[in-house]
Amino acid sequence: MSKPHTLLLRLEGPMQSWGYRSRFDYRDTALEPTRSGVLGLICAAMGISRGEDISRFDAIRMGVRIDMEGRQERDYHTAQDVIKANGSGVATVVSKRDYLANASFTVGLESDNIVLLEEIAKALCDPAWILYLGRKAFPLAVPPLCSTDCLQIGTLEEHLLSEQSSKRVVLETPDGERTQHDWPLCYGRRQFKPRSMTTCFGVEGEPK
């Protein structure tokens with residue numbers, strides 16, 4: 001039986017947005033990268049189009065260490081000639097868009113499928129399409145792979161909780177303390193399912 005391996009990514013930039021419950025004129029952001037956002041970035045790197053099968057990524061367990069929390073901000077966009085929901089004409093709409101400023105995250109992808117993790121790492125080094133942090137206007141400030149030896153033996157806990165710090169870590173767990181509706185089933189049809197997660201801290205911190 002293969003041992004679990006973990007691929008470590010760094011997602012850092014002046015602006016990031018990881019929405020999971022956006023509707024109509026409001027675009028939210030989670031406080032850390034979502035599964036749908038991270039897999040979307042990987043799909044862009046691998047040249048996978050909306051509507052293509054992404055079930056092979058179900059073999060991946062994801063965790064996020066928040067290295068720098070950042071600051072939550074809100075932007076406003078004005079759009080003219082937006083068709084009204086009742087079809088009675090057009091209107092000018094002001095939309096609210098939340099984002100994180102100056103945040104930095106280490107994302108771990110754990111799987112027994114080493115071939116898949118190696119394929120992802122290779123694509124992130126030479127992406128098929130432009131990568132961005134949740135929105136096309138938000139580029140990465142650093143390359144997404146943490147180092148040349150970013151693929152290592154071990155679990156998410158071994159790699160994300162091993163530092164002598166009290167940084168917040170969010171891990172996918174089957175019996176987690178909260179759920180988030182951001183597990184992508186199909187990007188083309190915008191289908192997602194709930195994901196269970198637990199928040200914990202580094203070795204110097206106390207369990208939440």
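What follows is a working chat about the fold, the empty spaces and three residues of one predicted model.

Me: Before we start, what kind of model is this, and how are residues numbered?
Reply: This is a predicted model, where local features need pLDDT of at least 70 and side-chain atom pairs count only at pLDDT 80 or more, while totals for chains, interfaces and linings use all residues. Residues are numbered from 1 along each chain as its sequence is written, and side-chain values use heavy atoms, with hydrogens and water left out.

Me: OK, how many helices and strands does the chain have?
Reply: The chain has three helices and nine strands, where helices (H or I, at least four residues) and strands (E, at least two) are DSSP runs numbered from the N terminus. Read from the N terminus on, the order of elements is β-β-α-β-β-β-α-β-α-β-β-β.

Me: And how does its radius of gyration sit against a compact globule?
Reply: The chain has 18 Å, which agrees with the value near 17 Å that a compact globule of 208 residues would have; the radius is taken over C-alpha atoms, and the globule rule is 2.2 Å times the number of residues to the power 0.38. Along its principal axes, the C-alpha trace spans about 60 × 40 × 35 Å.

Me: What share of the residues is buried?
Reply: Of the 208 residues, 41% count as buried, with buried meaning under 20% relative accessible area, exposed over 50% and partly exposed in between (1.4 Å probe, protein chains only).

Me: What about contacts between residues far apart in sequence?
Reply: Among contacts between residues at least 6 apart in sequence, 73% join residues at least 24 apart, a contact being heavy atoms within 4.5 Å.

Me: Switching to empty space, what is the volume of the largest pocket, and which residues lie nearest its centre?
Reply: The largest pocket holds about 1,100 Å³ of space, and of its 32 lining residues, Ser36, Arg50, Gly134, Tyr187 and Arg190 lie nearest the centre. On a 1 Å grid over the protein atoms alone, a pocket is an open set of points with protein on both sides within 12 Å along at least five of seven lines, a cavity is a set where a 1.4 Å probe fits but cannot get out, and lining residues have an atom within 4 Å of a point. Grid points are joined across faces, edges and corners, and a volume is the space filled by probe spheres set on the points.

Me: Which elements supply that lining?
Reply: For the largest pocket, the elements giving two or more residues are helix H1 (35–46) and strand S8 (178–186), and H1 provides the largest share, six residues. The lining of this largest pocket divides into twelve nonpolar, ten polar and ten charged residues, where Ala, Val, Leu, Ile, Met, Phe, Trp, Tyr, Cys and Pro count as nonpolar, Asp, Glu, Lys and Arg as charged, and the others, Gly among them, as polar.

Me: Where does the second largest pocket get its lining?
Reply: Strand S4 (71–83) and strand S5 (90–111) each supply at least two residues to the lining of the second largest pocket, with S4 giving the most, four residues. The volume of the second largest pocket is about 220 Å³, and its lining includes Phe24, Asp25, His77 and Arg97.

Me: How many cavities turn up?
Reply: A search of the whole structure finds one cavity of 30 Å³ or more, with about 40 Å³ of space in it. Strands S3 (61–68), S7 (168–172) and S9 (191–201) each give two or more residues to its lining, which divides into six nonpolar, one polar and three charged residues.

Me: Arg65 caught my eye, so is it buried or exposed?
Reply: Arg65, which lies in strand S3, counts as buried because its relative accessibility is 8%. Its side chain is joined to that of Asp67 by a polar contact of 2.7 Å, meaning a pair of N or O atoms within 3.5 Å where, within protein, one must be able to donate a hydrogen and the other to accept it, and residues adjacent in sequence count only if both atoms are side-chain atoms.

Me: What does Ser104 touch?
Reply: Leaving out residues up to four places away in sequence, Ser104 touches Leu11, Glu12, Gln16, Arg65, Ile66, Asp67 and Met68. Ser104 is found in strand S5 and is buried, with a relative accessible area of 6%.

Me: Last one, where is Met46?
Reply: Met46 is in helix H1 and counts as buried at 19% relative accessibility. Met46 and Ala121 are 75 residues apart in sequence and 9.7 Å apart in space, C-alpha to C-alpha.
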